[in-house]
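This report looks at how two helices are arranged and at what surrounds a bound ligand. Please keep the sequence and the structure in view while reading.

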Amino acid sequence: MPTAASSPTRPSAPAIDIRGLRKAYGPKQAVDGLDLRVERGEIFAVLGPNGAGKTTTTEILSGFRVADSGEVSVLGADPSHAGRAWRSRIGVVLQSTDDLAELTVAELVRQFARYYPHSRDPDEVIDLVGLRDKAGVRTRGLSGGQRRRLDVVLGIVGRPELLFLDEPTTGFDPQARRSFWSLVRDLRVAGTTIWLTTHYLDEAEQLADRVAVVRDGKVVALDTPEGLSRLTAGRTQVRWDDGGTVREEVTERPTALVRDLMRDHPGEVPGLEIRRPSLEDVYLELVGAPGQDSEEDR
Ligand SMILES: Nc1ncnc2c1ncn2[C@@H]1O[C@H](COP(=O)(O)OP(=O)(O)OP(=O)(O)O)[C@@H](O)[C@H]1O
């Protein structure tokens, strides 16, 4: 574990502090004035659709890409100028790594472990993600989901204080996702701060202490998963058949509305449906429903 001397960040300082972050690719503003603060020890999810700017932000925070403007502090340092000691304190699982395909899983993990001063036992970490029976297989022979699990091993073998996971469970089957989630929770219990980007709502809901919903490079909502769910509170859809026409009202007082409908319709209210919007409805409202034009498609 890092000593106080190797860890210049004050315990109360955030793990990540982002102010006014911007990054464009030509005319495309991928990150458009992002402000975020991630506390130490939390699992922070960045949830958004394809093209929302999640990968670009993660690459800037982990020192793989330089921002156009804004201030970024990660474990007390500017990632674009941070050195080897800083890098040994973070773990990164970016999308689509394709390195050293001729090495076996065990050889690659051992090689990575040597880069870090306080690395974990390579065999133990390989076990942890269920790749023990693939330890002797060349990495190019792995399936997509197995390769992703190997990426995760490479991200955590250095025992990072802060772990970046960019859409880590893409290509996982449901069982692998569940065991990955439990691994992430264990890492948090061990004190690791986790930055997790995802476009899976259930993943953010299951894992995150707080969730930033991003769209077009901006934060459109930031709260705990429960707080985001509360955005649906007080909004109930009541539908009924009004002489052959389907009517719908969104109301904070569904009981009163139904009472009025019962008065107008002695017996059954035709086609009565009452529905509270789910968290998914709220998310789609925030980021735009599938198929709806986003900046990416324009
Ligand atoms: N190297 C690049 N050159 C040009 N445009 C890019 C580049 N990388 C990303 N973009 C564009 O910037 C926007 C944000 O992309 P980014 O990959 O950061 O989003 P994302 O939220 O991670 O999406 P995904 O979930 O698809 O990975 C997109 O419109 C993307 O097409």
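The crossing in which helix α3 passes helix α5 is right-handed, as seen in a model that is predicted. Two packed helices are described by the angle between their axes and the distance between the axes. For α3, which spans residues 105-113, and α5, which spans residues 144-156, the axes come within 9 Å and cross at roughly 25°. Because angles under 35 degrees count as roughly parallel, this crossing makes α3 roughly parallel to α5.

The second topic is the ligand and the residues around it. There are 14 residues around the ligand, and among them G51, K54, T55, T56 and E167 come nearest. By type, the shell divides into four nonpolar, six polar and four charged residues. Both β2 (28-38) and α1 (54-61) supply at least two residues of this shell, and the largest share, three residues, comes from α1.

Which parts of G53, T56 and E167 face an oxygen atom of the ligand, and at what distance? The table sets out these pairs.

| Residue | Protein atom | Ligand atom | Distance |
|---|---|---|---|
| G53 | polar backbone atom | oxygen | 3.0 Å |
| T56 | polar side-chain atom | oxygen | 2.6 Å |
| E167 | N or O atom in the side chain | oxygen | 2.7 Å |

Taken on its own, the ligand has 620 Å² of accessible area, and the protein covers 68% of that area.

Notes: Residues numbered from 1 in each chain as written. Predicted model: local features only at pLDDT ≥ 70, side-chain atom pairs only at ≥ 80, totals over all residues. Heavy atoms only, no water. Near = heavy atom within 4 Å. Polar contact = N/O pair within 3.5 Å; in protein donor to acceptor, adjacent residues only side chain to side chain. Areas by Shrake-Rupley, 256 points an atom, 1.4 Å probe, with all protein chains shown as cover. Helix = DSSP H or I, 4+ residues; strand = E, 2+ residues; numbered from the N terminus. Nonpolar A, V, L, I, M, F, W, Y, C, P; charged D, E, K, R; others polar. Axes fitted to C-alpha atoms, helices over the stretch in contact; angles between N-to-C directions. Parallel < 35°, antiparallel > 145°, perpendicular 65-115°, else oblique. Left-handed = near helix turned anticlockwise from the far one by under 90°.
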